[in-house]
Structures are given as structure tokens and as C-alpha cells.
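This briefing goes through one protein model, moving from a local contact to the overall fold, the interior and the surface. Please keep the sequence and the coordinates at hand while reading.

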Amino acid sequence: MTKGRELETLNRRQCLDLLQGVRVGRLVFTEDALPAVQPVNFRLWHDDIVIRVAGGPKLAAATDNQVVAFQTDELDPDLRTGWSVTVVGHAEPVTDVDEMLELSGTFIQPWVDGRRDHFVRIRTEKMTGRRFRERGAPQYRGVGHDVVSS
């Protein structure tokens with residue numbers, strides 16, 4: 001018999017902490033009036049998600065100020081543990097020269113060759129997170145809080 005799991009709802013700080021530790025997620029946007037999902041490299045910047053794109057439908061979504069979703073996770077199906085964070089917000093191109101310089105100097109290396117001259121910011125207007133954990137395991141409360149048992 002497996003131990004029971006609890007589904008913990010994460011607060012914003014916990015979600016941001018988890019986003020700092022991963023570099024790939026899934027962008028959900030509209031392409032040709034249909035939902036599209038694509039894996040993307042990303043960076044957390046000023047508590048927003050930033051991706052670097054060559055152009056195409058992801059840049060079009062930003063130029064049109066579309067509402068998009070971004071999701072990332074770490075799941076272990078054998079241990080039945082893991083977490084998931086979803087961000088929903090408006091996509092917008094980063095056009096400020098100082099911001100572009102700041103981003104370009106520290107952005108992660110894309111997995112696919114080719115130029116990516118545009119940055120797209122996803123404002124974190126709504127952020128939700130969930131974590132599977134063992135019943136009775138200590139629960140992380142975030143920066144400035146102690147670990148407490150449930």
C-alpha cells in the first residue's frame with residue numbers, strides 16, 4: 001500500500017522560488033485562432049516570465065498583447081511527488097533598450113540554433129501552484145517563515 005499524498009496549494013512566493021530553479025516550460029498561446037502549446041526556454045525577471053523568440057506566432061501573441069499561459073513542473077511518476085506552477089498574463093514585447101541590454105547579457109542559451117532577437121515578457125497577473133507531498137511531511141512556507149509540520 002502506498003502512502004497517501006496531499007495536494008498542497010502554493011503561495012506566490014513559493015511559486016516564484018520554484019520557477020527560479022527550472023529553465024524550460026510550456027507556453028500556451030493562440031495561433032491561427034486555435035490554442036497552441038510549445039516548450040520554451042525562459043528566465044524569471046522582475047517576477048515575470050521572459051522568453052526569447054525569433055519571431056512568428058509567439059512574437060505575434062506579444063505584439064497583440066494576448067493573454068497567454070505559461071506552465072512548468074517537476075514530476076516524479078515513480079515516487080508520485082512533484083510540483084506544477086502556472087502563470088497567466090498578458091504577453092508583451094520588451095522594447096526598452098536598457099531592459100533589452102539587461103536581458104541579453106544574462107539570458108540562458110537556447111536549445112535550438114538560430115537567432116532570437118526578440119524578448120517577450122509575460123506579466124504574472126495570475127500565478128497558481130500545486131505540490132504533491134507526503135501526509136505529515138513538513139510544509140515549506142517560503143522566505144521569512146519557518147518550516148512547520150502539518
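At the start of α1, which backbone nitrogen does a side-chain oxygen of Asn11 reach? In this predicted model, the partner is the backbone nitrogen of Arg13, and the side-chain oxygen of Asn11 comes to within 3.0 Å of that atom. The points below set this contact beside the fold, the cores and the surface.

**Overall fold**

- The protein chain contains three helices and nine strands, and its elements, read from the N terminus on, follow the order β-α-β-β-β-β-α-β-β-α-β-β.
- When contacts in the protein chain between residues at least 6 apart in sequence are considered, 69% of them join residues that are at least 24 apart.
- Of the 150 residues in the protein chain, 35% count as buried, while the chain exposes about 9,000 Å², of which carbon and sulfur atoms supply 52%.

**Nonpolar cores**

- The largest nonpolar core is made up of 27 residues, and the residues with the most contacts inside this core are Leu19, Ile49, Ile51 and Phe70.
- Two or more residues are given to this core by each of α1 (12–20), β2 (24–31), β3 (34–41), β5 (48–53), α2 (56–63), β6 (67–76), β7 (81–93) and β8 (118–122).
- A second core, separate from the largest one, has five residues, among them Trp45, Val50, Val94 and Leu103.

**Helix α1 and its cover**

- The buried residues of α1 are Gln14, Cys15, Leu16, Leu18 and Leu19, and Leu19 is also one of the residues with the most contacts inside the largest nonpolar core.
- The cover over the buried residues of α1 includes the strands β1 (5–10), β4 (43–45), β5, β6, β7 and β9 (126–134).

**A buried loop residue**

- Thr124 lies in the loop between β8 and β9, yet this residue counts as buried because its relative accessibility is 9%, which is under the 20% cut-off.
- Once neighbours within four places in sequence are left aside, Thr124 is in contact with Arg12, Asp47, Asp48, Ile49, Val87 and Val88; of these partners, Ile49 is also among the residues with the most contacts inside the largest nonpolar core.

**Nonpolar surface**

- Leu7, Leu75 and Phe132 form a nonpolar patch on the surface, and together these residues have about 300 Å² of accessible area.
- Within this patch, Leu75 belongs to strand β6 and counts as exposed because its relative accessible area is 51%, a value over the 50% cut-off.

Notes
Residues numbered from 1 in each chain as written. Predicted model: local features only at pLDDT ≥ 70, side-chain atom pairs only at ≥ 80, totals over all residues. Heavy atoms only, no water. Helix = DSSP H or I, 4+ residues; strand = E, 2+ residues; numbered from the N terminus. Buried < 20%, exposed > 50% of the residue type's maximum accessible area, 1.4 Å probe, protein only. Contact = heavy atoms within 4.5 Å. Areas by Shrake-Rupley, 256 points an atom, 1.4 Å probe, with all protein chains shown as cover. Core = buried A, V, L, I, M, F, W, Y, C linked by side-chain atoms within 4.5 Å. Patch = residues over 30% accessible without salt bridge, like charges linked within 9 Å, V, L, I, M, F, W, Y side chains within 5 Å. Salt bridge = Lys/Arg side-chain N within 4 Å of Asp/Glu carboxyl O. Polar contact = N/O pair within 3.5 Å; in protein donor to acceptor, adjacent residues only side chain to side chain.
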